[in-house]
Amino acid sequence: MRKKVIIGTAILGAILVTAQAWSSQPTVQEIMDTRVDPSADALWGSVGWVESRQGASFRQPKTAQQWQALRVHAETLIAGAVLLGKARQVGSNGYSALADTDTPGVRTAVQIQQDIAADPAKFAAAARRLEDAGRAAAAAIQGKSGTRLVEAGARIDGACEACHAAYWYPRTAPLRLPGSAEYARFPSRSAPNPPHPQFAN
Ligand code: HEC
């Protein structure tokens with residue numbers, strides 16, 4: 001009897017521990033919406049060229065506090081990327097449906113989940129790319145260099161897009177480049193906006 005109780009407790013404990021581990025692991029959507037997306041937006045919006053009547057000027061943080069605030073965003077991005085590298089759950093975070101599911105061809109949560117499970121190291125490498133770009137941003141912020149932060153921002157964007165293209169966006173066939181015979185059919189190359197052969201009737 002006593003043995004049964006002990007075994008029962010052990011099983012219950014194992015279930016609780018498993019449930020705990022499961023629920024404490026954020027979904028990809030949670031990581032995107034609470035860490036990766038807002039921090040990247042803050043970094044992208046903090047530096048760049050602005051046009052005004054006086055001409056173009058480069059904008060970047062001015063005060064130590066502003067740089068410090070950016071550091072927090074870079075750290076959030078890095079932490080989000082690290083979490084993402086371990087993320088295995090794809091699906092709604094319970095607050096909102098996945099974004100863009102009504103766009104034709106967008107991969108479903110189940111498909112994305114399967115693709116990640118098929119090769120977790122590949123997904124982790126894509127997350128690592130974001131982490132490295134985030135570290136480049138942190139280094140630029142440390143050195144208070146707006147131009148380096150712009151470069152790091154482009155790297156961050158590249159890391160977002162590469163992963164989204166591989167796992168999330170519709171898998172469309174690449175557009176065909178028209179051959180020279182098709183180009184030759186156009187009467188004049190200098191005509192404004194010649195129709196693309198694929199859309200011409
Ligand atoms: C390692 C892969 C990976 C990287 C890197 C990545 N994402 Fe994502 N992201 C995904 C996947 C997979 C989805 C689709 C599933 C989902 O929406 O949860 C997604 C969805 C999103 C969504 C929609 C979330 C929702 O509500 O459904 C946003 C916004 C987003 N990503 C922003 C970003 C930005 C910004 C970056 C770069 C700073 C980035 N992501 C980098 C994998 C990645």
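How many residues does the hairpin use to join S1 to S2? Keep that question in mind while we get our bearings, and remember as you look around that this is a predicted model.

Let's start with the whole chain. The protein chain has seven helices and two strands. If you walk along the sequence, you meet them in the pattern α-α-β-β-α-α-α-α-α. Of the 201 residues in the protein chain, 20% are buried. Now take the contacts between residues at least 6 apart in sequence: 73% of them join residues at least 24 apart.

Back to the strands and our opening question. The hairpin gets from S1 to S2 through two residues. Strand S1 covers residues 48-52, and it pairs with S2 in the antiparallel sense over five bridges. You can pick out one of these partnerships yourself: find Val-50, then look in S2 for its bridge partner, Ser-57. In a regular strand, side chains alternate between the two faces of the sheet. So are these strands covered or in the open? For S2, residues 55-59, zero of the five residues are buried, so this strand lies largely in the open. S1 is hardly covered either, as the count of buried residues among its five is also zero.

Next, have a look at two of the helices. H2 packs against helix H3 (residues 64-86) at an angle of about 145°, and their axes are 8 Å apart. The crossing of these two helices is left-handed. On the H2 side, the residues that meet H3 include Val-28, Ile-31, Val-36, Ala-40 and Leu-43. Among those they meet in H3 are Leu-70, His-73, Ala-74, Leu-77 and Leu-84. Sort the residues of this contact by type and you get 13 nonpolar, five polar and one charged.

H2 has another role to show you, this time around the ligand. In total, 24 residues surround the ligand, and the closest are Gln-29, Ala-40, Ala-99, Cys-160 and Cys-163. Helices H2 (28-46), H5 (120-142) and H6 (146-167) are the elements that give two or more residues to this shell. Which of them gives the largest share? That would be H2, with seven residues. Ala-40 is worth a second look: you'll find this residue among the closest to the ligand, and also in the contact of H2 with H3. By type, the shell around the ligand divides into 19 nonpolar residues, three polar and two charged.

Finally, let's visit the loops. Most residues other than glycine have a negative phi. Asp-100 is not a glycine, yet its phi is positive, about 60°. You can find Asp-100 in the loop between H3 and helix H4 (109-118). Is Asp-100 buried or exposed? Asp-100 has 12 C-beta neighbours inside 10 Å, so it counts as exposed. Lys-144 also has a positive phi, of about 50°, although it is not a glycine. Look for Lys-144 in the loop between H5 and H6. Because Lys-144 has 15 other C-beta atoms within 10 Å, it is partly exposed.

Note on methods: Residues numbered from 1 in each chain as written. Predicted model: local features only at pLDDT ≥ 70, side-chain atom pairs only at ≥ 80, totals over all residues. Near = placed C-beta within 6 Å. Helix = DSSP H or I, 4+ residues; strand = E, 2+ residues; numbered from the N terminus. Nonpolar A, V, L, I, M, F, W, Y, C, P; charged D, E, K, R; others polar. Pairing = 2+ DSSP bridges. Axes fitted to C-alpha atoms, helices over the stretch in contact; angles between N-to-C directions. Left-handed = near helix turned anticlockwise from the far one by under 90°. Contact = placed C-beta atoms within 7 Å.
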